[in-house]
Amino acid sequence: MSWLPYRSLSSFLREKFGCRVQKISLDAGMSCPNRDTGRKGGCIYCNPRGSGTGAYAQGIGLKEQIERQMTFMARRYKAKAFIAYFQSYSNTYADVETLKSIYDKILPYPEIIGLAIGTRPDCIDREKLELISSYGPERLVWVEYGLQSADDETLKRINRGHDVKTFIDAVNLTGQYPIRTCAHIIIGLPGEGMEQYINTSRLIANLPVTDVKLHLLYIIKGTPIEDMYIKGLYRPLGMDEYAQAAAYVLAHLREDMVIQRITGDPHADELAAPAWAMEKALVRTAIIEKMEHLHLHQGMMYSKL
Ligand code: SF4
């Protein structure tokens with residue numbers, strides 16, 4: 001499929017760098033303020049591995065993680081350029097000196113042409129943004145914030161530990177720096193339907209957000225959402241429902257936004273449901289076909305708030 005009804009990360013990177021660029025996911029052994037003692041135990045869907053590789057817990061340091069993954073990606077995809085993605089937990093949840101010593105691990109590698117830092121909107125301030133922006137302009141730099149939903153009631157229901165305003169403030173602050181901002185949203189949160197998905201899409205389209213990741217809410221074993229699923233209090237979306245929701249979410253975004261993901265990426269051994277969440281290629285095709293069927297493309301329903 002050559003033409004896509006949305007602006008994908010791979011096409012954006014190819015336009016910008018003229019070659020294949022691969023992300024390498026790094027686990028710096030960070031934590032998360034929503035999981036630390038004294039807080040309420042994390043988001044109800046939180047993977048105890050913090051959505052990461054678990055490499056740090058296995059004793060694999062950052063240097064080794066970087067070199068192993070670059071070697072693998074170069075062999076498998078002939079990639080010559082890489083984006084270092086600090087993925088696990090909240091990668092700005094430490095003092096600036098500690099963060100600098102972590103991010104500096106990418107400096108010996110000129111082939112790392114991008115730095116992406118996943119975090120929460122309640123873990124950022126000017127000092128950290130100054131530090132992060134210092135890795136540009138020779139590298140493309142992103143901060144990735146989880147919003148998940150633009151509905152405060154939903155954020156309480158999923159025990160997110162911050163509200164929508166905190167996200168808006170973080171994004172507006174980040175927009176003052178030469179940093180790209182990626183927002184993560186989840187389709188299928190308990191109590192949500194198309195109205196909430198579209199509201200979330202419209203909010204982020206009206207903020208200085210440059211990139212978006214869409215995730216399906218899938219159920220990881222051992223999480224509170226799995227208890228709700230077992231008790232019949234939560235039903236995961238079907239693939240067609242997800243495809244339809246994703247199609248409308250994409251249609252309400254701005255057309256210049258880069259879509260970094262259109263579904264999540266569960267580990268097979270951790271997934272409780274739905275089984276189709278493992279079929280990434282099928283999900284991608286279902287979204288594209290749904291958009292074609294509904295005559296939708298990214299940006300066509302965007303409107304200013
Ligand atoms: S913000 Fe991420 S790491 Fe923290 S509790 Fe929520 S899902 Fe888990």
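**Exercise 1. A helix and its ruler**

How many Å should the 12 residues of helix H7 (residues 194-205) span? Work it out, then check the end C-alpha atoms.

*Solution.* First, a word on what you're looking at. This is a predicted model, in which local features need pLDDT of at least 70, side-chain atom pairs count only at pLDDT 80 or more, and totals for chains, interfaces and linings use all residues. Residues are numbered from 1 along each chain as its sequence is written, and side-chain values use heavy atoms, with hydrogens and water left out.

Step 1: know what a helix is here. Helices (H or I, at least four residues) and strands (E, at least two) are DSSP runs, numbered from the N terminus.

Step 2: get the rule. The expected span is 1.5 Å times one less than the number of residues.

Step 3: apply it. For the 12 residues of H7 the rule gives 16 Å, and the end C-alpha atoms are 16 Å apart, so the two agree.

**Exercise 2. The inner face of H7**

Which residues of H7 are buried, and what do they pack against?

*Solution.* Step 1: set the cut-offs. Buried means under 20% relative accessible area, exposed over 50%, and partly exposed in between (1.4 Å probe, protein chains only).

Step 2: list them. H7 buries Gln196, Tyr197, Ile198, Thr200, Ser201, Leu203, Ile204 and Ala205.

Step 3: find the partners. Those buried residues pack against E4, helix H6 (164-174), strand E5 (180-187), strand E6 (211-216) and H9.

Step 4: zoom in on one of them. Glutamine 196 has a relative accessible area of 18%, so it counts as buried. Skip its neighbours within four places in sequence, and glutamine 196 is in contact (heavy atoms within 4.5 Å) with Asp151 and Gly191.

**Exercise 3. Around the ligand**

Which residues are around the ligand, and how many of them are nonpolar, polar or charged?

*Solution.* Step 1: decide what counts. A residue is near a molecule or strand if one of its heavy atoms lies within 4 Å of it.

Step 2: read them off. You get Cys32, Asn34, Arg35, Gly42, Cys43, Tyr45, Cys46, Tyr89, Arg120 and Arg160.

Step 3: sort them. Ala, Val, Leu, Ile, Met, Phe, Trp, Tyr, Cys and Pro count as nonpolar, Asp, Glu, Lys and Arg as charged, and the others, Gly among them, as polar. That makes five nonpolar, two polar and three charged residues.

Step 4: pick cysteine 32. It's in the loop between strand E1 (21-26) and helix H2 (62-77), and at 10% relative accessibility it counts as buried. Leaving out neighbours within four places in sequence, cysteine 32 touches Tyr89, Ser90, Tyr93 and Arg120.

**Exercise 4. Ring hunting**

How many aromatic pairs does a search of the whole structure find? Describe two of them.

*Solution.* Step 1: the rule. Rings of Phe, Tyr and Trp (its six-membered ring) pair if their centres lie within 6.5 Å; planes under 30 degrees apart are stacked, over 60 edge-to-face, and the rest tilted.

Step 2: count. The search turns up three pairs.

Step 3: take tyrosine 103 and tyrosine 135. Their centres are 6.0 Å apart with 85 degrees between the planes, so the pair is edge-to-face. Tyrosine 103 is in helix H3 (residues 96-103) and tyrosine 135 in the loop between helix H4 (126-133) and strand E4 (140-148), 32 residues apart. Tyrosine 103 is buried at 1% relative accessibility, and tyrosine 135 is buried at 3%.

Step 4: now tyrosine 242 and tryptophan 276. This pair is tilted, at 6.0 Å centre to centre and 45 degrees between the planes. Tyrosine 242 lies in helix H9 (residues 239-252) and tryptophan 276 in the loop between strand E9 (271-273) and helix H10 (280-293), so the pair ties together parts 34 residues apart in sequence. Both residues are buried.

Step 5: look for a cluster. Phe86, Tyr103 and Tyr135 form one.

**Exercise 5. Backbone oddities**

Which peptide bonds into proline 137 and proline 274 do you find, cis or trans? And what is phi at glutamine 148 and histidine 295?

*Solution.* Step 1: the background. Most residues other than glycine have a negative phi, and most peptide bonds are trans.

Step 2: check omega. From glycine 136 to proline 137 the bond is cis, with omega near -5 degrees. From alanine 273 to proline 274 the bond is also cis, with omega near -10 degrees.

Step 3: check phi. Glutamine 148, in strand E4, has a positive phi near 80 degrees. Histidine 295, in the segment after H10, has a positive phi near 55 degrees.

Step 4: buried or exposed? Glutamine 148 is buried at 8% relative accessibility, while histidine 295 is exposed at 64%.
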